[in-house]
Protein chains: 2
Amino acid sequence: MKIFYLCSQKLNALMEGEHNLARLIREGNLRYLPHLSLDCVIFGFHEGQLKVLLLKMKHKSDWSLPGGFVAHTETLEQAADRVLNERTGLSGIFLKQFHVFSDLSRSDIPQTLSELRRDGIEAKVGDWLAQRYISVGFYALVSFSKVVPRADMLSDACEWRDLSDVGKLILDHNQILGKALETMRLQLNYQPIGYNLLPPSFTMPELQRLYEAILGKKLDRRNFQRRMLGFGILRRLPERKAGGAHKAPYLYEFDHEAYKRALLEGLHGGW
Amino acid sequence: MKIFYLCSQKLNALMEGEHNLARLIREGNLRYLPHLSLDCVIFGFHEGQLKVLLLKMKHKSDWSLPGGFVAHTETLEQAADRVLNERTGLSGIFLKQFHVFSDLSRSDIPQTLSELRRDGIEAKVGDWLAQRYISVGFYALVSFSKVVPRADMLSDACEWRDLSDVGKLILDHNQILGKALETMRLQLNYQPIGYNLLPPSFTMPELQRLYEAILGKKLDRRNFQRRMLGFGILRRLPERKAGGAHKAPYLYEFDHEAYKRALLEGLHGGW
DNA sequence: AATCATTGTGTCAATTTGACACAATAGTAC
DNA sequence: GTACTATTGTGTCAAATTGACACAATGATT
């Protein structure tokens with residue numbers, strides 16, 4: 001039990017030495033729950049495109065989703081929030097767990113070992129990292145412009161990628177991404193979306209392009225507006241958006257109270 | 001790694017001795033992933049009432065949801081299916097993971113230890129069971145009449161309970177049950193339900209009472225029928241149900257092909 | 001001033017939904 | 001057997017929602 005209560009800062013310092021990876025493997029079990037990881041699908045929206053934040057792993061050609069482990073003193077949600085914060089600088093963002101991935105084939109232990117050895121790190125089966133992992137998938141919707149992508153000690157790049165240009169990811173991360181997208185599309189049917197994805201005020205066409213990007217299909221401009229306004233979660237501002245090359249559209253903002261209520265109660269309910 | 005490949009039958013035998021619980025605590029880590037459990041909310045339907053299968057834990061006044069652990073060689077889904085099978089005798093049933101529960105307060109280790117000691121079992125912090133658990137919630141919909149409830153080695157009763165008469169459950173199991181119900185209600189909006197909950201053939205009023213039990217509210221008889229038939233997943237049989245005290249209703253069965261398609265593609269889709 | 005892409009606001013028919021009426025049927029009471 | 005009752009099968013109809021589309025207004029560009 002003692003290990004649960006080890007000073008968090010001390011462990012932090014522990015992890016920040018020269019041989020970060022080697023230390024994680026030796027001492028990860030002091031801080032984190034074994035066999036359990038989480039992966040975050042972080043969506044952003046920019047120039048009409050839905051984006052995903054990806055990491056380029058050291059010494060690997062494939063990219064991966066940002067992920068992490070769950071400390072003995074954290075809930076899953078806290079751990080996911082921490083991971084999100086470490087990669088983006090943001091915190092307190094809408095973050096939703098959507099599936100747990102537990103296939104036996106998702107942890108390729110022999111390959112992990114050989115990769116570690118290539119890095120000159122001693123590790124044997126059952127060591128931290130060289131074990132089976134069960135991963136909880138989270139997805140987040142964040143404001144593209146507020147994010148400052150940051151790589152971690154296991155990766156040497158952290159970048160936005162167009163959803164249509166993701167390519168092959170490590171392990172089952174393509175599957176995780178697919179499931180996140182599927183879940184979000186379903187969610188769109190009974191929950192509002194966009195609060196963290198768009199700037200504080202936005203135009204109706206901008207909101208529509210977001211929905212189109214998520215759904216992957218075109219929507220009718222006028223019917224979209226009628227429906228969105230019908231939800232009663234938008235407030236039209238007196239100003240119009242200036243600078244565009246055409247007729248200036250109105251600006252809208254979310255009615256936070258109504259938005260939160262819609263998140264809890266759903267939008268139309270079905271039955 | 002060796003432990004992963006230990007003959008499963010051997011371990012089975014290991015667990016079936018006199019001091020099952022003591023052995024589980026000593027040797028559970030050989031078979032199962034540490035810190036990870038799962039809980040199943042098993043719904044049934046009988047006499048117009050939605051039921052949940054509950055276990056009465058030994059030496060405890062509170063009841064609990066059937067749960068279990070994940071073997072090193074199992075996926076979560078396989079483990080959940082096994083748990084369901086052990087309590088009901090059924091297998092291959094629709095089983096859906098709906099949330100992971102990871103609050104720090106959900107594992108009361110001091111209390112677990114004192115309960116074990118009351119049973120005359122030696123255990124210390126960090127031992128199997130006397131550790132933090134993160135639990136994956138699954139829910140299942142099963143045919144009430146096909147189930148033969150069976151207690152396990154940690155419990156001395158396994159019974160159906162009316163959803164309205166569940167009472168206080170151990171730990172956060174009331175919360176888990178609530179979340180399962182909430183998830184199932186949402187699911188009702190875009191997926192068919194009832195295949196495993198009802199007998200092979202059933203009447204429209206029976207199906208309606210199932211929906212009413214899940215949603216917790218009355219529905220209009222005629223609109224319900226119109227909508228259900230509109231989904232195109234039902235086939236009306238030539239026979240009618242005899243024996244009732246009133247006009248004999250038609251019998252229906254699910255069109256398995258259409259049902260599966262509806263499960264995958266959703267019922268109306270929203271956008 | 002004409003052009004052009006884009007936005008604001010409707011309209012209208014088709015479809016879906018919600019509320020309700022009425023006839024048919026199978027037991028029950030007499 | 002006949003009346004009664006509760007329940008089922010089938011529709012109807014108005015209201016609300018949805019999908020498809022038209023037209024005027026605006027703001028930069030030429």
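Which residue in S10(A) stands opposite A:Arg240? Keep that in mind as we click through the model; the reply comes at the second stop.

First, some ground rules. This is a predicted model, where local features need pLDDT of at least 70, side-chain atom pairs count only at pLDDT 80 or more, and totals for chains, interfaces and linings use all residues. Residues are numbered from 1 along each chain as its sequence is written, chains are lettered from A and ligands numbered from 1 in the order in which they are written, and side-chain values use heavy atoms, with hydrogens and water left out.

**Stop 1: the sheet in chain A**

Select S8, S9 and S10 of chain A. Helices (H or I, at least four residues) and strands (E, at least two) are DSSP runs, numbered from the N terminus. The three strands make an open sheet in the order S8-S10-S9, with antiparallel pairing. S8 and S9 of chain A are at the edges with a single partner strand each, so one side of each has no neighbour in the sheet.

Now go strand by strand. Two strands pair if DSSP finds at least two bridges between them. S8(A), residues 202-203, is joined to S10(A), residues 250-254, by two bridges. Select A:Phe202 and you'll find its bridge partner, A:Tyr252, in S10(A). Next, A:Thr203 stands opposite A:Leu251. On the other side, four bridges link S9(A), residues 234-240, to S10(A), and these strands run antiparallel.

**Stop 2: the ring of A:Tyr250**

Here's the reply to the opening question: A:Arg240 stands opposite A:Tyr250. Show both side chains. The charged end of A:Arg240 sits over the ring of A:Tyr250, 4.0 Å from its centre. (A charge sits over a ring if NZ of Lys or CZ of Arg is within 6 Å of the ring centre and within 35 degrees of the ring normal.) Add A:Arg236 to your selection: it lies over the face of A:Tyr250 too, at 3.5 Å from the ring centre.

**Stop 3: helix H6 of chain A**

Select residues 204-215 of chain A, which make up helix H6. Want to check the length? The expected span of a helix is 1.5 Å times one less than its number of residues. For the twelve residues of H6(A) that gives 16 Å, and the end C-alpha atoms are 16 Å apart, so the two agree.

Is H6(A) mostly covered or uncovered? Covered: ten of its twelve residues are buried. Buried means under 20% relative accessible area, exposed over 50%, and partly exposed in between (1.4 Å probe, protein chains only). Among the buried ones are A:Met204, A:Leu207, A:Tyr211 and A:Leu215.

A:Glu206 is on that buried list as well. Leaving aside neighbours within four places in sequence, A:Glu206 is in contact with A:Phe45 and A:Lys241, where contact means heavy atoms within 4.5 Å. The side chains of A:Glu206 and A:Lys241 are joined by a polar contact of 3.0 Å. (A polar contact is a pair of N or O atoms within 3.5 Å; within protein, one must be able to donate a hydrogen and the other to accept it, and residues adjacent in sequence count only if both atoms are side-chain atoms.)

Step just past the helix and you reach A:Gly216, with a positive phi of about 75°.

**Stop 4: aromatic pairs**

Over all chains, the structure holds 30 aromatic pairs. Rings of Phe, Tyr and Trp (its six-membered ring) pair if their centres lie within 6.5 Å; planes under 30 degrees apart count as stacked, over 60 as edge-to-face and the rest as tilted.

Try A:Phe144 and A:Trp160: their ring centres are 5.2 Å apart and their planes are at 40°, so this pair is tilted. A:Phe144 is in the loop between strands S6 and S7 of chain A while A:Trp160 is in S7, so the pair ties together parts 16 residues apart in sequence. Both A:Phe144 and A:Trp160 are buried.

Hop over to B:Tyr32 and B:Phe69, with ring centres 5.5 Å apart and planes at 50°, so this pair is tilted. B:Tyr32 belongs to strand S1 and B:Phe69 to strand S4 of chain B, so the pair ties together parts 37 residues apart in sequence.

**Stop 5: B:Ile93**

Stay in chain B and select B:Ile93, in the loop between helix H3 and strand S5. B:Ile93 is buried, with a relative accessible area of 15%. Not counting residues up to four places away in sequence, B:Ile93 touches B:Asp81, B:Leu84, B:Leu141, B:Val142 and B:Asn196.
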